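Reader: Can we go through this one quickly? Show me the model, then start with the terms.

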Amino acid sequence: MYAHNSILGLVAFMPDETFWGWVPASMEYKLEEAIESIGLDNAMMIEYFNLMTKIFLTIGVPMFCIIGPMNCAFGGFAAGEDHLSYFSFGNVEFGSWLYWVHAFVTWGVVFVVTSNLYDGQRKFLPHRYAWLRKMAEKRANTIMVDHIPEHMRSDAQLAEFFEKIIPGDSNVKSAYVTKDTTHLLHLSTQLKKDEAALHQAKAQWVKNEEEGKGRPTMGGCCGGREVDCIDHYTKEIQDLQPKVAEEREKVQKQAEEVGGVNLSNGFVTFNDRMSAEVALRLTGITADKSELILEPPPEPSDIQWADFTQDQTARQGREILGYALTVGLYFAYMPIVVAVTNLANIIDLGPLDILWDSVAPTLGLQIMIAMLPTFLITIYKFCFTLKAAAWAQHKLQAWYFWFQLFFVCLIAAIGTNVIGFTQVMFTDPFSLPGVLADTLPSATHYYMN
């Protein structure tokens, strides 16, 4: 990928065509080049990896080379036969002077992580500002409007409303309320398919002529009559073209009226960026706070137009189903983990059983952790109105955090009784610190597995 970008001239450094040629190429990497060639988001993913590497080296090397040997030599061998814990805090006996060392080490870790995060944020902001300044004018001057009330569901009414509430004159350049073009879309899609098929049939005819064959045909299966492909698709196109034109004219005419084909969401484009920013910060612009939800528009190429045409009632039903599936996944998480683990423990691999025993105890948890993002993203894509593909990732990030918190960090407290832990959390939240103190281990290398 890097070599291809260098051939296209997107990066200045040309890597050597050797096995280790990628090493100096990686060392020559510059953030500004990455932003220009692959975009800010992808470049920030690389920077995130670099930041995590820096934090890991800053914390990990002293921990392994200094704190680990101290735990092993002066900890008192509290780990017993657990040799894997000899370098960890689990090898430190209760009341040891190393407790004071680890108190300072803990605050050192906090300082290293927070200082690196703040430093990364400071470096990111200039690139963010530059990206905002380079944003396409149309996108920068546009806002996305959702839950448009029925009396505003037309381009003219929506533009008139925002013209009145934004200070100044002639602020609104255009307004567009999304239209229900289901039938028009069906006809247009069929027309494009027939045009593509006609083009392919004509190309096949040229090839047949070179080979001394006739015009391409279709049908003739099970006693049916063969028809000429070119004539068939030409007739289909001639029939569809006036239908598409008629349906388009019908939609355009109905769109001039309030309601009808006009749906509950749309876009408003202003003449300047300041007006768009002012509009985004408006709150309580109608008596009903659930109306006119204003958001920045997503990347035009990322918009999922099908989500804009969803029926409001069906949309709410799918969202309820989505939340129900997410909650169901929460309660089914541990039973699935236990079931997979028990199944793995039953398997006998003979001479490889020693190796399998090191994997089987946590196999269920590893599978669920690996598949959880797939389960969640599938639920969000099918049940929630996202309007942009990137928004599914944002929703995944929020919910995935809570799943990781409960089923990785607090797994020892939850155990296999997910329902009991959840019940305590909601019915008696003040007892939760005591539950965690009683159930969480004081030290563990469990997360290394």
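Author: A salt bridge here is a side-chain nitrogen of Lys or Arg within 4 Å of a carboxyl oxygen of Asp or Glu. Buried means under 20% relative accessible area (1.4 Å probe, protein chains only). This is a predicted model, where local features need pLDDT of at least 70, side-chain atom pairs count only at pLDDT 80 or more, and totals for chains, interfaces and linings use all residues. Residues are numbered from 1 along each chain as its sequence is written, and side-chain values use heavy atoms, with hydrogens and water left out.

Reader: Fine. Is Asp-194 in a salt bridge or without one?

Author: Without one, although Asp-194 is buried. Lys-193 is the nearest side chain of opposite charge, 8.4 Å away. For charge, Lys and Arg count as positive, Asp and Glu as negative; His and the chain ends are not counted.

Reader: What does Asp-194 contact?

Author: Beyond neighbours within four places in sequence, Tyr-233, Glu-236, Ile-237 and Leu-240. Contact means heavy atoms within 4.5 Å.

Reader: New topic. What is the strand order in the open sheet?

Author: S2-S5-S1-S6, with antiparallel pairing. Strands pair if DSSP finds at least two bridges between them. Strands (E, at least two residues) and helices (H or I, at least four) are DSSP runs, numbered from the N terminus.

Reader: Why do S2 and S6 have a side without a neighbour?

Author: S2 (172-179) and S6 (293-295) stand at the edges, each with a single partner strand, so one side of each is left free of a neighbour in the sheet.

Reader: And which residue in S5 is the bridge partner of Ile-143?

Author: Val-268.

Conventions. Buried means under 20% relative accessible area, exposed over 50%, partly exposed in between (1.4 Å probe, protein chains only).
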